[in-house]
Amino acid sequence: MLDSDLFRTLIAEASLAPSVHNIQPTRWRLLAADTVLVLEDGERRLPAADPTGHDVRLSHGAAIEGLSLACGGHGLRIARMELGDGSDEVSGLRVIARLTLGPGGAVDSLASAVAGRRSWRGRFLPAAGELQEALQRLAAAPDLLVVPSGSAVVEIAELADRVGFHFLCEDAHRRELLAWMRLSRHDSRYGRDGLNAEAMALGSVEAMGASLVLGPLFPLLKRLGLAEPLTRERSKTASGAIALFHRPLGEDPLETGRAFYRAWLSMEAQGLGACPISVLADWPVSNAALLARHPLPAGRRLVNVFRLGRVPPDAASHRARLPVAELIV
Ligand SMILES: Cc1cc2nc3c(=O)[nH]c(=O)nc-3n(C[C@H](O)[C@H](O)[C@H](O)COP(=O)(O)O)c2cc1C
């Protein structure tokens with residue numbers, strides 16, 4: 001059913017899925033013509049930002065959903081997913097899941113949004129009637145609670161800055177983030193992984209500034225009271241709307257990741273660019289504050305928070321990704 005050419009094509013599309021800090025932890029092995037192993041590159045983890053591995057597992061889920069969307073375009077589907085038990089390893093890589101592919105797949109309505117989806121971290125275009133209409137359509141999505149532009153969004157943008165700064169003040173967290181940033185185009189990893197200047201919507205001067213502010217100057221700037229204003233994002237965040245992404249309590253983050261990717265694609269399908277602000281959901285204080293202000297249906301947990309809106313037409317379109325040959329092991 002699968003030969004190595006088709007497998008490469010499917011993995012290339014699956015690799016367009018989002019992953020936390022763009023660490024791309026998922027590796028793939030074609031075990032038999034209908035069997036694919038989903039493996040984890042254990043070197044790619046975020047011990048400071050994601051100590052439990054929740055977001056890494058969620059990223060694997062998004063990659064699996066990416067594979068599922070790709071399969072549909074070739075009349076295939078993931079017929080069965082068996083989870084690794086945590087101790088299985090293949091060539092030193094932990095087995096996340098074993099997938100059995102089968103015939104009977106169909107093109108998914110979200111598949112056409114895969115190629116265009118990317119994180120947008122710049123300012124959104126001013127709200128227009130079409131944004132409100134897109135948000136209304138999105139509000140029907142099962143896992144999203146939409147907060148339209150306005151004072152509630154400004155409040156969330158300010159909260160995001162407070163929480164973001166709280167985490168940036170932790171040395172381990174800040175260093176880890178900086179280690180995944182590719183702020184110079186001369187960095188040989190610029191187009192491969194992590195967060196490059198283009199992906200962060202930073203010009204070259206801003207990127208150089210960011211490397212100093214988050215790097216050696218941070219302690220001094222903090223003492224002078226300048227680090228917080230220099231790392232503020234609120235005006236960018238508040239230029240758009242917010243969507244709270246929620247899923248059932250107790251769900252395996254692998255499943256959550258599949259729904260996360262679909263939710264993001266549904267924004268793209270409405271013509272909206274988006275980007276998560278994970279710290280808002282990760283920090284218990286901000287998570288509770290958001291739930292108090294924007295209650296979720298019973299039995300649901302707040303997994304992440306997206307900023308979203310209309311993206312300028314000249315926004316960068318390149319995405320840093322590892323070559324497919326490195327993802328297949
Ligand atoms: C679980 C998860 C959490 C993420 N959290 C953030 C975040 O807090 N801030 C951010 O700017 N991007 C966040 N992202 C987006 C990733 O950085 C992004 O998907 C990755 O850099 C790949 O780029 P792309 O989305 O443009 O394909 C997150 C992605 C995932 C899967």
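Here's a quick tour of a ligand site and one helix pair in a predicted model.

Residues are numbered from 1 along each chain as its sequence is written, and side-chain values use heavy atoms, with hydrogens and water left out. Local features need pLDDT of at least 70 and side-chain atom pairs count only at pLDDT 80 or more, while totals for chains, interfaces and linings use all residues.

Let's start with the ligand. It is surrounded by 22 residues (each with a heavy atom within 4 Å of it), and the closest are Arg 117, Ser 119, Arg 121, Ser 278 and Arg 321. Three arginines have a polar side-chain atom (N or O) paired with a ligand oxygen, counted as polar contacts if within 3.5 Å:

| Residue | Distance to a ligand oxygen |
|---|---|
| Arg 117 | 2.7 Å |
| Arg 121 | 2.6 Å |
| Arg 321 | 2.6 Å |

On its own the ligand has 610 Å² of accessible area, and the protein covers 90% of that (Shrake-Rupley method, 1.4 Å probe). Helix α2 (54-72) gives two or more residues to the shell, as do α10 (253-269) and β10 (273-276); α2 gives the most, with 3 residues. Helices here are DSSP runs of H or I with at least four residues, strands are E runs of at least two, and both are numbered from the N terminus.

Now for the helix pair. Helix α4 (residues 151-168) and helix α12 (residues 284-293) pack at about 170°, with axes 11 Å apart; axes are lines fitted to C-alpha atoms over the stretch in contact, and angles run from 0 to 180 degrees between N-to-C directions. The two are therefore roughly antiparallel (over 145 degrees).

Conventions
Angles under 35 degrees count as roughly parallel, over 145 as roughly antiparallel, 65 to 115 as roughly perpendicular and the rest as oblique. A polar contact is a pair of N or O atoms within 3.5 Å; within protein, one must be able to donate a hydrogen and the other to accept it, and residues adjacent in sequence count only if both atoms are side-chain atoms.
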